[in-house]
Each structure stands twice: as structure tokens, then as C-alpha cells.
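Here is a short briefing to read alongside your structure. It walks through cysteines, a helix contact and some aromatic rings.

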Amino acid sequence: MKKQERADRVRQKLSQLYPNPPIPLDHTDEFTLLIAVLLSAQCTDKKVNEVTPELFAAAGTPQAMVELGQEEILRLIRPIGLSTNKSKAIYKLSQLLLERHQGKVPRTFAELEALPGVGHKTASVVMAQAFGVPAFPVDTHIHRLAQRWGLSSGKSVVDTERDLKKLFPESSWNDLHLQIIYYGREHCTARGCDGTKCGLCVELYPNRKKAVIWNKP
């Protein structure tokens with residue numbers, strides 16, 4: 001198969017497997033989604049979902065988060081990796097939302113990425129899933145699978161995002177990034193598949209014999 005043919009087959013197969021992919025992070029609005037995505041950096045979604053109910057019950061708005069205070073935020077999110085830095089970011093982010101954005105989550109990449117603790121991937125998730133703006137957030141699962149499927153040889157998630165955006169129609173991006181994540185967790189895992197075992201890897205590369213050595217971001 002040529003690269004575009006592989007991309008088309010991936011989109012077709014994943015749409016069948018995950019026709020309506022849910023957002024894996026529990027949230028109730030744009031603010032709680034932003035906080036949950038920020039917390040998920042270098043942490044599993046499962047762990048984030050274990051911690052956020054108590055956090056959001058105590059402070060589900062920027063105003064309440066500021067009133068809660070950085071130390072209490074830290075106490076509530078301590079089981080999560082990098083909790084000290086994340087508690088600082090959440091507190092300062094909440095302050096800035098009140099000072100600059102009337103307590104609302106901004107709707108542009110530039111304004112989101114100007115907030116503490118919010119990088120391009122976090123901003124992309126919020127833009128895609130909260131506001132419906134086409135974006136293609138790339139995490140480790142997507143970076144790994146894009147290489148195993150011959151869709152990108154990028155050495156960074158930035159490279160992979162650029163390559164994938166060229167291969168898939170913009171209208172598919174918001175669902176597709178979730179679909180790839182779910183497939184990467186359930187079928188084409190880091191240790192469970194090496195590019196020669198899962199259904200899609202075999203279908204796309206039926207004659208592949210050697211494991212794919214992928215460039216970790």
C-alpha cells in the first residue's frame with residue numbers, strides 16, 4: 001500500500017471500531033476539561049479520573065480554584081505525577097482566567113498556550129473537544145502508531161502532527177486522534193505489539209517480519 005492508502009484504511013477501520021469515541025477524561029465543562037488535560041501530562045487518564053472528582057467538587061470554577069488555594073490543590077492532586085508543578089500551574093492559570101478572560105476558558109490556541117502549564121497538546125485537546133475546532137493532538141500512543149503504520153517518521157510529536165494533518169481530512173481530526181489513542185491502548189500497545197502483531201499492523205504490512213523501532217518523543 002502507498003502511504004495515503006494506508007491512511008485511508010486506518011481511518012476506515014478505526015471509524016468502524018470506535019464510531020463515537022468518548023473523551024477519556026471525566027469533566028463537566030471547558031474549565032474542568034482544561035484542568036483534567038493539564039493533569040494528564042505524564043500520567044494516566046485513569047489516575048486523573050480518580051483524583052478529579054474530589055478536586056472538582058471542591059473547586060469546579062476558576063474562582064473556586066483560587067479560593068481553594070495552591071496548598072489544598074496540591075493535597076488533592078498529590079497522587080498525580082509532577083503534582084507540585086501542576087498545583088502551581090492550576091492556581092496561577094485560574095487567576096489569569098479571572099484577570100484576563102472574565103473567568104472563561106479562551107477559545108484560541110494563542111490565548112490557551114499563554115496559560116501556565118498549557119502546551120500545544122493541551123490546547124489542541126481543549127480546542128478540539130470543548131470548542132469543536134479541528135485539531136490533531138498527538139500523544140505517545142499516536143506518535144508510536146503513526147510510525148508503525150508508516151504514516152510518519154517524525155522524531156517529535158510536532159513532526160507527527162504535521163504529517164498526520166496532511167494525510168487525513170480536517171473533518172476527521174477531532175474523532176481520529178481519540179480513535180488512535182483507544183486503538184493504541186487496546187490493540188497496538190507499546191509492549192503488546194511491535195508493528196507485526198495487531199490487526200492493523202498486519203493488514204497494512206502483511207510481509208513485515210522485523211519489529212518497528214520507533215522514535216520516542
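The points below are grouped by topic. Please keep in mind that this is a predicted model.

**Cysteines**
- The structure holds zero disulfides.
- Why is Cys-193 not bonded to Cys-188, its closest cysteine by sulfur? The two sulfurs are 3.8 Å apart, which is too far for a bond, because a disulfide needs the sulfur atoms within 2.5 Å.
- Cys-198 has its closest cysteine sulfur in Cys-201, at 3.5 Å, and that is again too far for a bond.
- Cys-193 counts as buried, with 1% relative accessibility, and Cys-198 counts as buried too, at 6%.

**Helix H1 against helix H11**
- Helix H1 (residues 3-17) and helix H11 (residues 173-186) have axes that come within 10 Å and cross at roughly 75°.
- This crossing makes H1 roughly perpendicular to H11.
- On the H1 side, Arg-11, Leu-14, Ser-15 and Leu-17 make the contact, and on the H11 side Leu-176, Gln-179, Ile-180 and Tyr-183 do.
- By type, the residues of this contact of H1 with H11 are five nonpolar, two polar and one charged.

**Aromatic rings**
- There are four aromatic pairs in the structure.
- One of them joins Phe-136 and Phe-168 in a tilted arrangement, 6.3 Å centre to centre with 40° between the planes.
- Phe-136 sits in the loop between helix H8 (120-129) and helix H9 (140-148), and Phe-168 in the loop between helix H10 (157-167) and H11, so the pair ties together parts that are 32 residues apart in sequence.
- Both Phe-136 and Phe-168 are buried.
- Ring pairs also bring in Trp-173, linking Phe-136, Phe-168 and Trp-173 into a cluster.

Note on methods: Residues are numbered from 1 along each chain as its sequence is written. This is a predicted model: local features need pLDDT of at least 70, side-chain atom pairs count only at pLDDT 80 or more; totals for chains, interfaces and linings use all residues. Side-chain values use heavy atoms; hydrogens and water are left out. Buried means under 20% relative accessible area, exposed over 50%, partly exposed in between (1.4 Å probe, protein chains only). Axes are lines fitted to C-alpha atoms, for helices over the stretch in contact, and angles run from 0 to 180 degrees between N-to-C directions. Helices (H or I, at least four residues) and strands (E, at least two) are DSSP runs, numbered from the N terminus. Angles under 35 degrees count as roughly parallel, over 145 as roughly antiparallel, 65 to 115 as roughly perpendicular and the rest as oblique. Contact means heavy atoms within 4.5 Å. Ala, Val, Leu, Ile, Met, Phe, Trp, Tyr, Cys and Pro count as nonpolar, Asp, Glu, Lys and Arg as charged, and the others, Gly among them, as polar. Rings of Phe, Tyr and Trp (its six-membered ring) pair if their centres lie within 6.5 Å; planes under 30 degrees apart count as stacked, over 60 as edge-to-face and the rest as tilted.
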